[in-house]
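Visitor: I am new to this structure. Please take me through one helix contact slowly, and then show me what lies around it.

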Amino acid sequence: FLIHWLVFVIVACIGFAEGDVSKLYRPRDFRGGYCGLSADGFVGHHKLVHMMNTTATVDSVAKQLVCSTAAQNALAAMWGTGSNEWEQYVCACCLEPCASCKKGLGLPDLTNPADLRSFISSRMLEFTDPMKAASLFSPTGSNAAADFDPSSLLKEMTKYFVPICIYDCVQPFSKFYNNTASTGMRQYTYRPTLETPWRKAWDQLAKRVPAGMEAIKTTLEASFTFRAMPRNQCPYDAKYCVPMPGVSFTTDLGDYCFVKIDRSVQNSLGLSSAMVLEGLGKASMMDGEVGNFDAAAGSFMSTLDALAVISFWGFITGMVFMVLLRFFVGIVVWSALLSVTLLMLFGGAAAYTRSHQCLGAGLFATGKQSAVAAASVAEAISKQIYEIPVSESLTGNGSDYRGRQHRTRSGKNCQRWDCQSTASCIHGNSFTSQKYPTADLLDNYCRNPGGVAASIWCFTEEPDVTWELCSPIGVIKPVCHEGYEVNPASSRKALEICSYIVFSVAGLWILIIWCLRNRIALAIAVTKAAAMFIYHTPIILLVPVVQIILGCLYNIGWFSCAAFMVTQVPDSYMPKDYYATWAEADVACTSKWPEGFVFRDGGALNITGHPCSDNVAVPRCWRCAPPRMSVTGPFVYSFFSLLWNNAFGVACGQCIIAGTVALWFFTPHAEKRSKGGVISSVKRTLRYHSGSLALGAFILAVVQMIRYACLYFQKQAEAQNNKVMKLVLKCIQCCIWCFEKFVQFLNKNAYIQVAIMGTPFCTSAKTAFFIILRNVLRFGTFAALGSIIHFIGFAFIMVATTVLGYFILQALHPDVSPVLPVLSYFAVSYLIAKLYMNVFGLTVDTMLQCFIAAEEMKNTRAYVPKPLLRLLPTESLGKKMPRNDGDLRSAKVAPDEEEDIKDPVICAVPPETQK
């Protein structure tokens with residue numbers, strides 16, 4: 001473990017020498033260069049600003065010129081309509097159907113050179129003259145009239161703007177343009193890119209035109225020339241240093257310059273329209289978010305006193321929960337189990353009832369009818385009605401029914417048939433044996449005399465209900481003559497089967513609860529004992545707090561070192577080749593993870609043999625820019641070190657808490673309140689168990705490293721679009737994740753054994769494994785109930801702390817918006833709940849293993865926590881201790897008892913402490 005630290009220091013020193021952490025946050029230009037980085041030639045140019053992408057912005061204007069009727073006439077006169085150049089031109093402008101076109105361009109046609117010069121010059125002035133900027137963004141401008149959407153300039157900034165590095169955010173374009181005294185001002189004359197299919201036509205028109213068409217050549221020379229910033233201010237070719245008219249930039253976040261509409265455009269269009277244009281840009285939206293955040297942050301900072309109070313009361317709330325848990329955990333657990341049982345029974349009953357619910361009848365009413373029918377069967381059996389063979393058969397409308405049913409479908413008692421006077425009966429009736437001699441109107445049994453009703457019925461003994469239909473005894477689901485709520489019959493059958501399944505699961509659940517009742521009682525007792533321990537030893541809560549602080553400090557240091565390592569992107573990481581198309585370059589640039597990105601190199605148009613020039617048959621102008629970071633060997637080692645050290649830190653915390661719990665468990669009752677044990681557990685863990693903990697952490701780190709390696713290869717498969725390998729690696733990661741959870745569980749229990757018995761890691765892991773194997777039902781029960789208690793604990797602490805925080809905030813700062821402060825209280829309450837429940841969970845696990853050890857010992861009555869005493873075997877209890885606390889404190893422990901008390905912890909205590 002120490003050697004690994006030494007290697008990490010060496011690797012970190014190499015990273016400091018070769019890496020550059022600023023690459024993680026510096027802005028990057030369109031070629032991947034880092035603003036302000038001397039290695040990229042941008043010393044002093046640390047701001048990222050967006051200049052006009054002249055190609056994307058002007059192409060539509062240039063294409064309208066080249067493909068106009070006036071240009072067609074000029075080119076036809078020079079090339080001839082039968083030449084190869086003319087055929088290529090016709091296809092490039094989509095003048096006729098061809099493979100590269102889907103339809104005509106649909107641009108306003110310019111038929112003569114004079115109209116061409118007037119219209120094109122008007123459009124281009126909006127891009128070159130700042131005085132026309134308002135017209136550029138206006139829906140009535142020349143470009144808008146040519147079907148160009150001005151708002152798209154800011155909607156699609158990545159298309160119409162080029163990110164470059166500059167010394168400062170650009171001033172408004174009008175000030176820059178009118179500053180004729182500036183030295184080094186440059187000009188850029190637009191020319192289509194090498195890949196543009198109508199480039200030859202443009203070059204031909206720029207060289208010469210037939211007599212009488214000089215206006216075309218003049219327009220190309222004069223209207224498509226831009227002013228560009230000096231090289232000392234913009235260290236790029238002139239085409240990348242042309243500002244966009246009407247657009248300025250502000251610095252709101254570090255070295256990033258964000259779009260803002262010039263005041264001249266605002267005055268022309270109106271403030272609201274200008275704000276809409278700004279809102280279309282990504283930067284303006286970020287400005288709004290930052291402003292809102294600043295206001296909320298200001299309110300939050302003014303309520304830090306309330307946050308401090310809430311943090312204190314959060315810890316008090318957690319302690320209150322532990323006290324309540326000590327007394328009410330049994331009620332909570334059994335209530336939760338009962339709730340689950342009732343929920344399953346209710347679900348099964350609802351599905352069964354729904355399967356035979358009649359059309360128009362309510363679900364509750366149908367369920368009541370089924371319950372009444374079932375009760376009638378039970379009543380008939382209890383009264384032994386079936387001793388006399390009586391048929392409950394019913395055919396048709398039930399006029400032949402001679403059974404003994406005397407309740408209606410809703411459970412109401414039937415009135416006797418021979419009670420016909422309203423003076424002596426609730427309801428009078430005209431249905432007599434004399435009138436219906438064959439209806440068998442005996443007692444108060446349900447009948448259908450004369451077949452007057454849809455089924456058997458009777459008069460009720462309820463004043464509000466005169467009569468009601470009945471169902472024969474044993475008929476739980478009566479036939480619905482008017483139809484069912486659920487159709488078709490197969491759906492009703494499916495609901496019925498589902499109800500039987502749910503009832504079966506509920507029965508199995510009840511059986512499991514009955515079989516595990518003793519283990520549930522043990523889990524409740526251990527939970528009470530764990531709550532007692534935290535209440536007696538509240539200082540134990542500082543262990544994870546210190547652990548978190550040290551972990552944060554280590555992670556900050558690690559991230560600082562890793563930042564230098566991860567920025568060591570080798571020169572060979574990205575290919576240096578040039579590519580003819582963006583698609584080819586994209587395949588090469590994104591074939592590995594982390595991915596680079598594609599940019600278009602301006603090229604060297606007049607250099608012979610350059611891939612991006614006029615001197616090659618197929619120009620190749622697309623290249624790859626490297627990513628900000630890459631995964632190298634030093635970073636892989638440092639990442640494994642991070643996993644190992646984090647696992648070691650967790651192991652130390654678990655062993656310290658487990659040792660403190662074990663010491664408290666085996667301490668006599670009279671000393672439990674005064675026995676701390678945290679400091680001694682820390683000393684014992686760091687001095688005697690560091691090697692064992694480092695070994696367990698190493699095993700876990702190896703498993704985690706394998707999973708992260710699979711994740712890395714998955715990213716590579718995604719970059720290469722290998723879907724099969726991606727799916728295979730995901731499945732492998734899932735399996736490794738499951739194995740990782742098993743290792744974490746086994747390690748935790750091994751650390752508990754290390755703390756209790758003082759044995760090495762491998763021995764402790766073996767012991768813990770067989771303890772779990774022998775007590776698998778106990779551990780399973782604890783896991784199930786532990787999740788319930790954890791949920792209740794989180795809910796209680798978080799809700800109580802957050803609600804209390806709201807009222808404290810209203811009392812201290814009634815005028816402050818409560819949104820952000822209450823969210824911070826919620827986050828603090830989560831951390832506090834996490835702190836309490838993690839310590840509590842480990843305490844429960846340790847307490848269980850201590851209890852298992854106590855089961856195999858003798859004379860344990862003196863120290864086993866009181867909630868667990870009644871669950872120990874009689875032979876383990878030994879002599880009965882005095883009842884009152886005064887006798888308990890003064891009681892002398894026999895030598896054999898004293899030895900038993902100390903044995904489990906002595907193994908983990910150094911000899912001098914034992915003495």
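Guide: Start with the residues that touch. On the H22 side they are Cys652, Cys655, Ile656, Gly659, Thr660 and Leu663. On the H23 side they are Val678, Ser680, Ser681, Val682, Arg684, Thr685 and Leu686. Sorted by character, the residues of this contact are seven nonpolar, five polar and one charged. Arg684 of H23 is the charged one. Keep in mind that this is a predicted model.

Now the geometry. Two packed helices are described by the angle between their axes and the distance between the axes. Helix H22 covers residues 633-665, and helix H23 covers residues 678-688. Their axes come within 8 Å. They cross at roughly 130°. That angle makes H22 oblique to H23. The crossing of H22 and H23 is also right-handed.

Step back for the setting. The protein has 915 residues, and 47% of them count as buried. Its secondary structure comes to 33 helices and ten strands. Take the contacts between residues at least 6 apart in sequence: 72% of them join residues at least 24 apart.

Next, the cysteines. The structure holds ten disulfides. Three of them are worth a visit here.

One disulfide joins Cys612 and Cys621. Their sulfur atoms are 2.0 Å apart. The torsion about the S-S bond of Cys612 and Cys621 is about 90°, so this disulfide is right-handed. Cys612 and Cys621 are buried. Compare Cys710, which is in no disulfide. The nearest cysteine sulfur to Cys710 belongs to Cys735, and it is 9.9 Å away. A disulfide needs sulfur atoms within 2.5 Å, so the gap of 9.9 Å between Cys710 and Cys735 rules that pair out. Cys710 is buried all the same, with a relative accessible area of 11%. Cys762 is another cysteine to find, and this one is exposed. Its relative accessible area is 53%.

Another disulfide links Cys67 and Cys93, with sulfur atoms 2.0 Å apart. The link of Cys67 and Cys93 is left-handed, with -75° about the S-S bond. Where do its two ends lie? Cys67 is in the loop between helix H2 (54-66) and helix H3 (69-79). Cys93 is in the loop between helix H4 (84-92) and helix H5 (113-128). The pair therefore ties together parts that are 26 residues apart in sequence. Cys67 and Cys93 are both buried.

The last of these visits is to Cys234 and Cys241. They form a disulfide with sulfur atoms 1.9 Å apart. The torsion about their S-S bond is about -80°, so the disulfide of Cys234 and Cys241 is left-handed. Cys234 and Cys241 are both buried.

Turn now to the backbone. Most residues other than glycine have a negative phi, and most peptide bonds are trans. Four places depart from that pattern; take the peptide bonds, then the phi angles.

The peptide bond from Asn487 to Pro488 is cis, with omega near 0°. Look for Pro488 in the loop between strand S8 (467-469) and helix H18 (489-515). Trp593 and Pro594 are also joined by a cis peptide bond, with omega about 0°. Pro594 sits in the loop between helix H21 (582-589) and strand S9 (597-600).

Asp443 is not a glycine, yet its phi is positive, near 45°. Asp443 is in the loop between helix H17 (363-382) and strand S7 (457-459). Is Asp443 buried, partly exposed or exposed? Asp443 is partly exposed, with a relative accessible area of 33%. Asn721 is not a glycine either, and its phi is positive at about 60°. Asn721 lies in the loop between helix H24 (690-719) and helix H25 (723-757). Asn721 is exposed, with a relative accessible area of 58%.

Finish back at the starting point. H22 and H23 cross at roughly 130°, and residues such as Ile656 in H22 and Val682 in H23 take part in the contact.

Technical notes: Residues numbered from 1 in each chain as written. Predicted model: local features only at pLDDT ≥ 70, side-chain atom pairs only at ≥ 80, totals over all residues. Heavy atoms only, no water. Axes fitted to C-alpha atoms, helices over the stretch in contact; angles between N-to-C directions. Helix = DSSP H or I, 4+ residues; strand = E, 2+ residues; numbered from the N terminus. Parallel < 35°, antiparallel > 145°, perpendicular 65-115°, else oblique. Left-handed = near helix turned anticlockwise from the far one by under 90°. Contact = heavy atoms within 4.5 Å. Buried < 20%, exposed > 50% of the residue type's maximum accessible area, 1.4 Å probe, protein only.
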